[in-house]
Number of protein chains: 2
Amino acid sequence: MDIAFALYRGMTTLDFAGPHEMLAHHPEVTAHYLAAAAGPVRTDTGLEVTATAAFGELPRPDVIVVPGSGEYERVLDDEKELVDWLAAAYPSATWTTSVCTGSTLLAKAGILAGRPATTHWAARGLLEGLGARVSTERVVIDGDVITAAGVSAGLDMGLTLAARLWGERTARAVQLLVEYAPEPPYDSGSLEGVDPEVLAELGRLTARS
Amino acid sequence: MDIAFALYRGMTTLDFAGPHEMLAHHPEVTAHYLAAAAGPVRTDTGLEVTATAAFGELPRPDVIVVPGSGEYERVLDDEKELVDWLAAAYPSATWTTSVCTGSTLLAKAGILAGRPATTHWAARGLLEGLGARVSTERVVIDGDVITAAGVSAGLDMGLTLAARLWGERTARAVQLLVEYAPEPPYDSGSLEGVDPEVLAELGRLTARS
């Protein structure tokens, strides 16, 4: 089973690392790290990860995972090779998936027209403008496409996908392997109902970074 | 604020990526990716990440984050530079932290003698043998050391540490940024109370990989 993890400059590391951890350890899986060109890819914190091949070298993966980025508008303009590869690879893939604003790249590739999908809360308007029917659910399954909300939702998406690929018992075994029994110390993970002070603090944080 | 993320061959990507996402976006933070030598480091799935410097180049980081590995016994033997650097850097660090079996490396560096700490459930006996008082809590804070349980517990640790570094409001803003409102589709994330069938399935998965 060939799983293609799409990499690109400015991507968010955890968007990729969540589903990757849930999927890449399975003995049937060959993980491919693809980008516009093989070589180092700089994520949004400056961390470099290595693409093992160019998109065109794997035209028919079984599963596609597309992470998001905080610079999602720039990325939509810049990542033409990724979008073209997605449009070409989607019809033969068993599952095409995204985390965070990765869904805007699926939409730009024509995969989400009129379909329910989710994204990071900050990009809901953008995703709607690209033709999807935006959901605020954390993980949205529509046919052969699974989209996840922002960043950490990729863990839930990855485990959901593991169950579709290998059955519930295997997914539960993966969950045990990665001890995914989350205990967030606070309850500020959703835009819905968030304290305005927390939203203002996030504005200050991102303005300075 | 210099945060040192320790990298080494065979490390688990999500162990690193969870706290990294919670900490590295803060505008005060300079993230350092350290290993025995600068250059590519191969994780346990074959993914390569790039170390930007050798351990010795950053002798006094403010915060230290040590990920774990599925090959934790080999790692304890192999990662002498990491262990020596930990022993030397710990006294001047504000916070020294680990995810998963990263705590066995802290213990080998002499940091956990007689202290409460946690680790991946599979390595509890090993950690106890290295002199720590093993806890089954997901995140354990003891003075200037924070240890987390397996793999995904690093997200909870990272957010807990963000609150200690910058206050609760900032931690909540980070939680909103990464939409950390987890919805695991199953409840098999803890060894305690796990279905024996799930444990057996995990044995089959890891035997084949």
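1. Before the remarks on individual helices, one convention: a helix here is a DSSP run of H or I at least four residues long, a strand is a run of E of at least two, and both are numbered from the N terminus. Also keep in mind that what we're looking at is a predicted model.

2. Let's start with the contact between the two chains. Chain A puts 68 residues into it, and chain B likewise contributes 68 residues. Together the two chains bury about 6,200 Å², and 63% of that area sits on carbon and sulfur atoms. On the chain A side, the residues giving up the most area to chain B are L176(A), E179(A) and Y186(A), which together make up 13% of what that side buries.

3. Next, the polar side of that interface. The rule picks out 42 residue pairs in polar contact between chain A and chain B, with both partners at pLDDT 80 or more. Which elements of chain A supply two or more residues to the side touching chain B? They are α1 (13-23), β4 (48-51), α6 (153-166), α7 (168-177) and α8 (196-208). Of these, α7(A) gives the most, with 10 residues. By residue class, the side of chain A that touches chain B splits into 32 nonpolar, 21 polar and 15 charged.

4. Now for the salt bridges. Over all chains the count is 26, and 6 salt bridges lie across the interface of chain A and chain B. One bridge you can find quickly in the viewer is the pair of E197(B) and R169(A), with N to O at 2.6 Å. This pair runs between the chains, from helix α8 (residues 196-208) of chain B, where E197(B) sits, to helix α7 of chain A, home of R169(A). Neither end calls for the word buried: E197(B) has 45% relative accessibility and therefore counts as partly exposed, and R169(A), at 38%, is also classed as partly exposed.

5. A second cross-chain bridge is worth a look. The side chains of D187(A) and R172(B) meet with N to O at 2.7 Å. Here the link goes from the loop between α7 and α8 of chain A, which holds D187(A), to helix α7 (residues 168-177) of chain B, which holds R172(B). Is D187(A) buried or exposed? The cut-off for exposed is over 50% relative accessible area, and D187(A), at 68% relative accessibility, counts as exposed.

6. Turning to E201(B), we get a bridge inside one chain. The side chains of E201(B) and R204(B) form a salt bridge at 3.0 Å, N to O. Both residues belong to helix α8 of chain B and are 3 residues apart, about one turn of the helix. Their surroundings don't match: E201(B) is buried, with a relative accessible area of 7%, whereas R204(B) is partly exposed at 38%. Elsewhere, in chain A, salt bridges with shared partners tie R9(A), E71(A), R74(A) and D78(A) into one network.

7. Staying with E201(B) for a moment, what does it touch beyond its neighbours within four places in sequence? The contacts are R169(A), T170(A) and A173(A). One of these, R169(A), is the residue in helix α7 of chain A that pairs with E197(B) across the chains.

8. Helix α6(A) deserves its own point. With 14 residues, α6(A) spans 20 Å from its first C-alpha to its last, close to the 20 Å expected at 1.5 Å a residue. Of those 14 residues, 13 are buried, so α6(A) is largely enclosed by the rest of the structure. Right after α6(A) comes G167(A), which has a positive phi, near 95 degrees.

9. Last, a small spot in chain A that I'd look at on screen. A54(A) is part of strand β5 (residues 53-54) of chain A. Buried means under 20% relative accessible area, and A54(A), at 17%, therefore counts as buried. Setting aside residues up to four places away in sequence, A54(A) touches L34(A), A35(A), A36(A), A37(A) and A38(A). As for A89(A), which is 35 residues from A54(A) along the chain, the two C-alpha atoms are separated by 13 Å.

Methods
Residues are numbered from 1 along each chain as its sequence is written. Chains are lettered from A and ligands numbered from 1 in the order in which they are written. This is a predicted model: local features need pLDDT of at least 70, side-chain atom pairs count only at pLDDT 80 or more; totals for chains, interfaces and linings use all residues. Side-chain values use heavy atoms; hydrogens and water are left out. Contact means heavy atoms within 4.5 Å. Buried area is the accessible area (1.4 Å probe) that two parts lose on being put together, summed over both. A salt bridge is a side-chain nitrogen of Lys or Arg within 4 Å of a carboxyl oxygen of Asp or Glu. A polar contact is a pair of N or O atoms within 3.5 Å; within protein, one must be able to donate a hydrogen and the other to accept it, and residues adjacent in sequence count only if both atoms are side-chain atoms. Ala, Val, Leu, Ile, Met, Phe, Trp, Tyr, Cys and Pro count as nonpolar, Asp, Glu, Lys and Arg as charged, and the others, Gly among them, as polar. The expected span of a helix is 1.5 Å times one less than its number of residues. Buried means under 20% relative accessible area, exposed over 50%, partly exposed in between (1.4 Å probe, protein chains only).
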